[in-house]
Amino acid sequence: MGLTVQDLLEMEQVNQISLICGTKGLTNEITGVTIIEAPDIVHFITGGELLLTGLYAFQSCSIQEYKTYIEELRNKQVSGIILKQGRDVEDAAVKIAWLKQFSEEHAIPLMEMPFEMSFQSILTAVMERLFNEEVTQLKYYKTTHDNFLALCFSDKPVEQRITDILDMLQKLIGNPVALFQQNMSCYAYSGESPCAFQLSAQAKKYDPGILTNYAYLVQHGARTQYVVQLNLNVGAKMYLVITEETSEFNLMNCIAVENAIVALQYEFAKDFAVSELEKKFQNDILYSILHGKNMPMDELQKNTALIGMDIDGSYRVIVFGAAGDAWRKRNINERMADLDSLEDAVRRHLRECKIHRETDRIVAVKREMPDSAGAYRKELRDAMEAIQAAVLRQNQRLHIKAGIGKLVQGLVNLPETYHEANDAYLFVDIAGDAVGDTVGEHKAQMVWFSDLGIFKLLCQIEDPDDLMEYVPESLQKLFDYKRPQREDLIITLKTYLDHNQNLSKTAQDLFVHYKTASYRMEKIAKITGIDFDNANEILAVRIGLVVYQMIGNYHKNTGQK
């Protein structure tokens with residue numbers, strides 16, 4: 001006779017285990033050991049195993065479903081069951097009572113272990129008795145692999161499956177684990193709360209003692225942490241963090257970690273593939289709607305229902321992108337990476353919206369209640385600030401802008417708010433400081449089309465010759481002035497008007513001496529003949545300066561001079 005359940009109860013290293021019932025089966029021989037944290041693990045049992053469970057695998061099962069799984073254990077002739085309580089399980093008392101009855105009837109000892117005791121301690125103790133060291137590691141690898149694989153076959157949402165993988169890993173190694181993104185935000189964790197983590201510059205390479213494809217680090221602080229860098233096959237980088245809290249990190253822990261990583265990679269790859277397909281489908285539908293493509297009403301209803309939109313709902317469009325000309329000069333790969341970062345931030349911080357990706361911008365179709373009474377302005381300001389902070393964590397030079405269209409009723413009217421949002425978006429670089437809203441300490445800029453006033457009409461004019469009609473004759477003289485000095489003079493005039501004709505503030509803003517600013521303004525007055533005491537003329541000049549920027553942008557975009 002090999003290792004029996006009675007022998008297990010007498011082993012010193014696991015003496016915290018206590019027998020609940022099933023004394024008739026104490027002579028059952030243990031031929032292996034496995035963990036039940038997913039119902040499907042039952043199919044991997046070959047017979048004679050000692051089972052470890054917290055009943056979490058059956059937390060949402062009905063009593064009848066639960067009984068069916070447990071009956072399968074009798075057919076597999078398991079040697080014993082060790083129960084760890086502590087997690088919330090639906091109808092736990094009823095399930096445990098039935099498990100006791102089952103154990104007595106079929107001579108399968110039911111035992112209990114303390115919640116703080118790790119499954120790994122039992123796995124190791126049993127395997128050391130059954131196998132030599134190398135075979136123990138191989139058997140442990142197979143056991144952990146099967147358990148993580150069973151979790152991957154769950155029909156739960158991906159976020160829950162990833163949490164279940166981390167919970168399983170914590171049970172195996174006896175220490176809390178967490179998954180952190182590249183920006184050091186916590187993606188998922190085991191237990192009640194995530195551990196604190198910041199990758200230290202003093203972190204050192206750690207040799208796990210096994211052949212591995214992953215980079216292990218160890219860092220010492222209030223608690224020792226082991227960090228595994230994951231370059232996921234979806235292009236993302238993450239960190240799996242094990243905080244040494246209750247037991248020392250060892251070789252067997254690394255075997256469990258390796259299998260957990262494989263399961264995580266599988267989950268992220270599967271989720272990425274599904275997500276990309278959904279985004280492509282959603283992008284195609286939104287493109288057709290936003291650009292007013294003709295679509296039969298029944299097809300429109302069907303497609304919008306598939307992407308979770310109400311055909312009669314109230315929506316507004318917000319167009320996001322990078323501010324300034326410097327971004328356009330970055331290479332295509334850098335721009336695509338920035339847009340990926342921006343898209344991710346918009347998805348995380350802007351509620352109730354659908355995302356449409358364009359070549360150089362992100363379009364958000366946001367649902368709102370018609371009677372929101374202006375609360376949307378504060379909500380969008382807060383979201384804009386959070387989005388800007390998020391993208392800066394990826395690229396310190398990436399500053400964003402947004403154009404916002406009006407609220408429309410019904411998806412058939414989306415093209416209207418989309419065109420408004422695009423016009424407002426393009427207007428940010430032209431005169432965002434005059435009609436826009438600068439948000440937060442990072443100075444993200446947003447322009448509401450409804451705030452553009454007379455500039456709404458100007459946005460509809462595409463011919464630069466027609467736009468010149470809105471530039472006063474006095475200002476045109478300045479535009480026709482000799483090129484080396486013209487730009488300085490135009491900037492000085494704009495700054496002077498922005499500061500309500502305060503010459504001292506103009507000089508400070510331009511970082512020039514007061515006399516230099518004064519000289520420039522005298523020269524501007526001489527060239528143009530502008531009457532700075534005439535409010536109507538000053539208004540026309542301010543509008544003319546904006547129109548001049550619009551014409552300049554037109555020439556820049558078309559390659560004209």
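This is a short tour of selected strands, helices and loop residues, with a suggestion at each stop of what to select. Keep in mind that the model is predicted.

**Stop 1: an open sheet**

Begin by selecting strands E6 to E11. These six strands form an open sheet, and reading across it gives the order E7-E6-E11-E10-E9-E8. The pairing is antiparallel. Now highlight E7 (186–189) and E8 (204–205): each of these strands has a single partner, so they stand at the edges and one side of each has no neighbour in the sheet.

Next, zoom in on E6, residues 177–181. Strand E6 and strand E7 run antiparallel and are joined by three bridges. For a landmark, show Leu179 and look across to E7, where Ala188 stands opposite.

**Stop 2: a covered strand**

Move on to E15, residues 400–404. Is this strand mostly covered or mostly uncovered? It is mostly covered, with five of its five residues buried. Colour the two faces separately to see how this works out: Ile400, Ala402 and Ile404 are buried on one side, while Lys401 and Gly403 are buried on the other.

Two partners of E15 are worth adding to the view. Select E12 (residues 314–322), which is joined to E15 by five bridges and runs antiparallel to it. Here Val319 stands opposite Gly403 of E15. Then select E18 (residues 444–448), which pairs with E15 in the parallel sense over four bridges. In this pairing, Ala402 stands opposite Met446 of E18.

**Stop 3: helix H16 and its surroundings**

Select H16, residues 503–510, and show the side chains. Which residues of H16 are buried? They are Leu503, Thr506, Ala507 and Leu510. Look down the axis: these residues cover an arc of only 95 degrees, which puts them on the same side of H16. A general point about α-helices helps here: with 3.6 residues a turn, residues three or four places apart point the same way.

To see what the buried residues of H16 pack against, add helix H15 (483–498) and helix H17 (514–528).

Both ends of H16 deserve a look. At the N-terminal end, Asn502 acts as a cap, with a side-chain oxygen 3.1 Å from the backbone nitrogen of Ser504. After the helix comes Phe511, whose phi is positive, near 55 degrees.

**Stop 4: helix H17**

Keep H17 selected and try a distance between its end C-alpha atoms. They are 21 Å apart, which agrees with the 21 Å that its 15 residues should span at 1.5 Å a residue.

The buried residues of H17 include Ala517, Met521, Ile524 and Thr528, and also Arg520 and Lys523. Add H14 (473–479) to the picture, as the buried residues of H17 pack against H14, H15 and H16. Just after H17, select Gly529, which takes a positive phi of about 75 degrees.

**Stop 5: two loop residues**

Most residues other than glycine have a negative phi. With that in mind, finish with two residues in loops.

First, select Gln77, in the loop between helix H2 (63–76) and strand E4 (80–84). Gln77 is not a glycine, yet its phi is positive, about 55 degrees. Is Gln77 buried or exposed? Gln77 is exposed, with a relative accessible area of 63%.

Then select Glu352, in the loop between helix H9 (332–349) and strand E13 (353–357). Glu352 also has a positive phi, near 50 degrees. At 55% relative accessibility, Glu352 counts as exposed.

Conventions. Residues numbered from 1 in each chain as written. Predicted model: local features only at pLDDT ≥ 70, side-chain atom pairs only at ≥ 80, totals over all residues. Heavy atoms only, no water. Pairing = 2+ DSSP bridges. Buried < 20%, exposed > 50% of the residue type's maximum accessible area, 1.4 Å probe, protein only. Arc of directions from axis to C-beta. Contact = heavy atoms within 4.5 Å. Polar contact = N/O pair within 3.5 Å; in protein donor to acceptor, adjacent residues only side chain to side chain. Expected span 1.5 Å × (residues − 1).
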